[in-house]
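Reader: I am new to this structure. Please take me through the largest pocket in close detail, then show me how it fits with the rest.

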Amino acid sequence: MTAFIEISKQSKSNMAPIAFAAFLGLLIIYVAGHSQSDILHNAAHDVRHATGFPCH
Amino acid sequence: MFSRILVSGLFAGVLGGFIAGVLQWLFVQPVLLHSELYETGILKHFGALTNSAQPDLDRIQPIRDILSILFSMIIYIGYAILLISAMTIHKLKSNTIISFHQGIIWGISGYIIVHFAPAISLPPEVPGVAAADLQSRQIWWFITTFFSAAGIWLIAFNSKKLPLVIGCILILAPHIFGAPEPSSFAGPAPTEIGALFASRALGIGLISWAVLGGLSAIFLHKETMRATN
């Protein structure tokens with residue numbers, strides 16, 4: 001039982017950095033793939049079309 | 001943990017994104033350039049007009065091509081970080097190592113989530129086709145991606161019936177609701193170009209994601225070994 005509680009405590013404390021990393025990944029995809037800033041849109045234009053992101 | 005995901009995501013994303021960028025340049029870019037001739041009005045379609053299906057294309061445009069490969073790498077870094085985050089959650093829960101071949105399956109699942117599932121109702125658009133309002137398509141794209149991710153996770157890691165049914169419903173729901181559609185068709189690009197573009201984009205996406213999944217598993221394993229030694 002103690003061992004089980006230890007493991008579940010450990011995996012809970014591990015979840016925060018994973019969630020933060022996933023958020024960062026999502027942010028990269030949003031900025032590079034979806035942001036409508038003119039410079040970003042023009043630079044990433046061809047990739048956005050090829051990856052199937054809604055582009056313009 | 002955080003740096004392990006970030007470092008392995010960076011390596012897998014740079015390598016996978018470079019391969020994806022080169023494949024896109026080889027197979028997707030010519031179709032896109034061809035379509036832009038119609039988008040900009042250099043070539044015109046419809047009616048009695050006929051055009052060569054193999055026009056001269058400005059194939060090599062150094063700045064544009066380098067930027068495309070660079071952004072392909074950035075986007076694939078984002079993909080890789082998300083994929084490795086999911087792999088890490090699974091590793092923590094099951095305490096198993098994800099092999100290179102299992103990584104490929106993870107990659108194909110990622111492809112279904114961010115590329116194939118949204119494309120079922122919102123196909124990859126070639127420049128010069130009619131489309132609905134951009135913001136509503138982006139919102140629909142993100143919702144579909146989240147629903148598909150949750151659905152695939154439920155199906156992949158459950159053997160009970162209820163989670164499987166809920167998983168299927170989550171994957172289908174955005175398509176039953178429907179993607180934003182244009183009110184009228186006014187796109188100047190020929191249908192042949194649009195169809196080839198969509199199938200090329202989806203095909204290259206599948207190959208690139210399979211590579212990304214395998215690489216993610218390798219780099220995650222390497223980083224884990226390095227951190228624990």
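Author: A pocket here is an open set of grid points where a 1.4 Å probe fits, with protein on both sides within 12 Å along at least five of seven lines. The model is predicted. Its largest pocket holds about 850 Å³ of space. The lining counts 35 residues. Closest to the centre are B:L82, B:A86, B:I113, B:A149 and B:W153.

Which elements give two or more residues to this lining? Chain A sends α1 (2–33). Chain B sends α2 (62–94), α3 (100–121) and α4 (134–156). So much for the list; shares come next. The largest share belongs to α4(B), with 9 residues.

Now the chemistry of the wall. Nonpolar residues number 28. Polar residues number 7. No charged residue takes part in the lining.

The pocket also involves both domains of chain B. Domain 1 covers 2–127 + 188–228. Domain 2 covers 132–181. Each of the two gives at least three residues to the lining of the pocket. Their C-alpha centres lie 20 Å apart. Across the boundary, 14 residues of domain 1 of chain B are in contact with 13 residues of domain 2 of chain B.

Step back to chain B as a whole. Chain B has 6 helices and 0 strands. Read from the N terminus, the order is α-α-α-α-α-α. The C-alpha atoms of chain B fill a box of roughly 65 × 45 × 25 Å along the principal axes. Chain B has 229 residues, and 44% of them count as buried. Take the contacts in chain B between residues at least 6 apart in sequence: 81% of these join residues at least 24 apart. Chain B exposes about 11800 Å². Carbon and sulfur atoms supply 71% of that area.

Chain A is the partner that brings α1 to the pocket lining. Chain A has 56 residues, of which 41% are buried. Chain A has 2 helices and 0 strands. The accessible surface of chain A comes to about 3000 Å². Of this surface, 71% belongs to carbon and sulfur atoms.

One more space deserves a look. A pocket is open, whereas in a cavity the probe fits but cannot get out. How many cavities of 30 Å³ or more does a search of the whole structure find? The search finds 1. The volume of the largest cavity is about 80 Å³. From chain A, its lining takes A:D46, A:V47 and A:A50. From chain B come B:G21, B:Q24, B:W25, B:V28, B:Q29, B:L32, B:S68 and B:I69. The elements giving two or more residues here are α2 (38–50) of chain A, plus α1 (2–39) and α2 of chain B. The largest share, 6 residues, comes from α1(B). By type, the cavity lining splits into 6 nonpolar, 4 polar and 1 charged.

Set the two spaces side by side. The pocket lining has no charged residue, while the cavity lining has 1. In the pocket, α4(B) supplies the largest share; in the cavity, α1(B) does. Helix α2 of chain B gives two or more residues to the pocket lining, and α2 of chain B also does so for the cavity.

Note on methods:
Residues numbered from 1 in each chain as written. Chains lettered and ligands numbered in written order. Predicted model: local features only at pLDDT ≥ 70, side-chain atom pairs only at ≥ 80, totals over all residues. Heavy atoms only, no water. 1 Å grid on protein atoms, 1.4 Å probe; cavity = no way out; pocket = protein on both sides within 12 Å on 5 of 7 lines; lining within 4 Å. Points joined across faces, edges and corners; volume = space filled by probe spheres on them. Helix = DSSP H or I, 4+ residues; strand = E, 2+ residues; numbered from the N terminus. Nonpolar A, V, L, I, M, F, W, Y, C, P; charged D, E, K, R; others polar. Domains from an automatic or database assignment. Buried < 20%, exposed > 50% of the residue type's maximum accessible area, 1.4 Å probe, protein only. Contact = heavy atoms within 4.5 Å. Areas by Shrake-Rupley, 256 points an atom, 1.4 Å probe, with all protein chains shown as cover.
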